[in-house]
Amino acid sequence: MPSLRFNKEKRLLKASEFQEVFDTNTFKIAHPKLLMLAKFNCRDNSRLGLVVGKKNISTAVGRNSVKRIVRETFRLEQFSQPIDVVFLARKDAHKRGSDEMTLLLQQSWCRLRQRCDKQEKKNA
């Protein structure tokens, strides 16, 4: 059974790691409330980076709740091949309810997983 912890191995930590995803992303999932950029990595597990700016979500409570929901939905998601994902929150993303945001993220992760699987089959 896989570990359900969200430790350092599952996070993008350095600016260079974020920049690599920004510069060479293979997948892009866009919605008016969020943007996900992703690319395959050469590691053992998928990693997540969060960009939740004060400009888009003004209160710390709002920023923290969005980050909490994103981490939780990512933690439960299983990808066939390890990827690096950068999640960017857009204006007023926190104004959706917790359940609504969770559903939106689950749909977005599903779209990303489908695109990854499609790309993997194409390369095989």
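This report covers a helix pair, a helix with a buried side, and four single residues in a predicted model.

## Helices H2 and H3

Helix H2 spans residues 60-76, and helix H3 spans residues 98-123. Their axes come within 10 Å. The crossing angle is roughly 40°. That makes H2 oblique to H3, because oblique covers angles that are neither roughly parallel (under 35 degrees) nor roughly perpendicular (65 to 115). H2 passes H3 in a right-handed crossing.

On the H2 side, the contact is made by Val-66, Ile-69, Val-70, Thr-73 and Phe-74. On the H3 side, the partners are Ser-98, Met-101, Thr-102, Leu-105, Gln-106 and Trp-109. By class, this contact has 7 nonpolar and 4 polar residues. Charged residues are absent from it.

## Leu-105 in the helix contact

Leu-105 is found in helix H3. Its relative accessibility is 0%, so Leu-105 counts as buried. Three of its contacts sit in the H2 list above: Ile-69, Val-70 and Thr-73. Beyond those, Leu-105 is in contact with Leu-34, Met-36 and Phe-87, leaving aside neighbours within four places in sequence.

Take the pair Leu-105 and Ile-69. They are 36 residues apart in sequence. In space, their C-alpha atoms are 8.4 Å apart.

## Helix H1 and its buried side

Helix H1 covers residues 15-24. Its buried residues are Glu-17, Phe-18 and Val-21. They lie on the same side of H1, because they cover an arc of only 100° around the axis.

What covers these buried residues? The cover includes three strands: S2 (34-40), S3 (47-51) and S4 (83-89). The face of H1 turned away from the buried side carries Ala-15 and Asp-23, which are exposed.

## Leu-35 in strand S2

Leu-35 has its place in strand S2. Is this residue buried or exposed? Leu-35 is buried, because its relative accessible area is 15% and the cut-off is under 20%.

Its contacts, leaving aside neighbours within four places in sequence, include Lys-28, Ile-29 and Ala-30. Val-86, Phe-87, Leu-88 and Arg-90 are also in contact with Leu-35. Phe-87 is in contact with Leu-105 as well. Leu-35 and Ser-108 are 73 residues apart along the chain. Their C-alpha atoms are separated by 9.3 Å.

## His-31 in strand S1

His-31 is placed in strand S1, which runs over residues 27-31. Which residues does His-31 touch, not counting those up to four places away in sequence? They are Arg-90, Arg-96 and Leu-104. Arg-90 is also in contact with Leu-35.

His-31 and Arg-90 lie 59 residues apart along the chain. The separation of their C-alpha atoms is 8.7 Å.

## Asp-92 in the loop before H3

Asp-92 has its place in the loop between S4 and H3. Its phi is near 60°. That is a positive value in a residue other than glycine. Asp-92 counts as partly exposed, because its relative accessibility is 24%.

Note on methods
Residues are numbered from 1 along each chain as its sequence is written. This is a predicted model: local features need pLDDT of at least 70, side-chain atom pairs count only at pLDDT 80 or more; totals for chains, interfaces and linings use all residues. Side-chain values use heavy atoms; hydrogens and water are left out. Axes are lines fitted to C-alpha atoms, for helices over the stretch in contact, and angles run from 0 to 180 degrees between N-to-C directions. Helices (H or I, at least four residues) and strands (E, at least two) are DSSP runs, numbered from the N terminus. Angles under 35 degrees count as roughly parallel, over 145 as roughly antiparallel, 65 to 115 as roughly perpendicular and the rest as oblique. A crossing is left-handed if the near helix is turned anticlockwise from the far one by less than a right angle, and right-handed if clockwise. Contact means heavy atoms within 4.5 Å. Ala, Val, Leu, Ile, Met, Phe, Trp, Tyr, Cys and Pro count as nonpolar, Asp, Glu, Lys and Arg as charged, and the others, Gly among them, as polar. Buried means under 20% relative accessible area, exposed over 50%, partly exposed in between (1.4 Å probe, protein chains only). The arc is that of the directions from the helix axis to the C-beta atoms.
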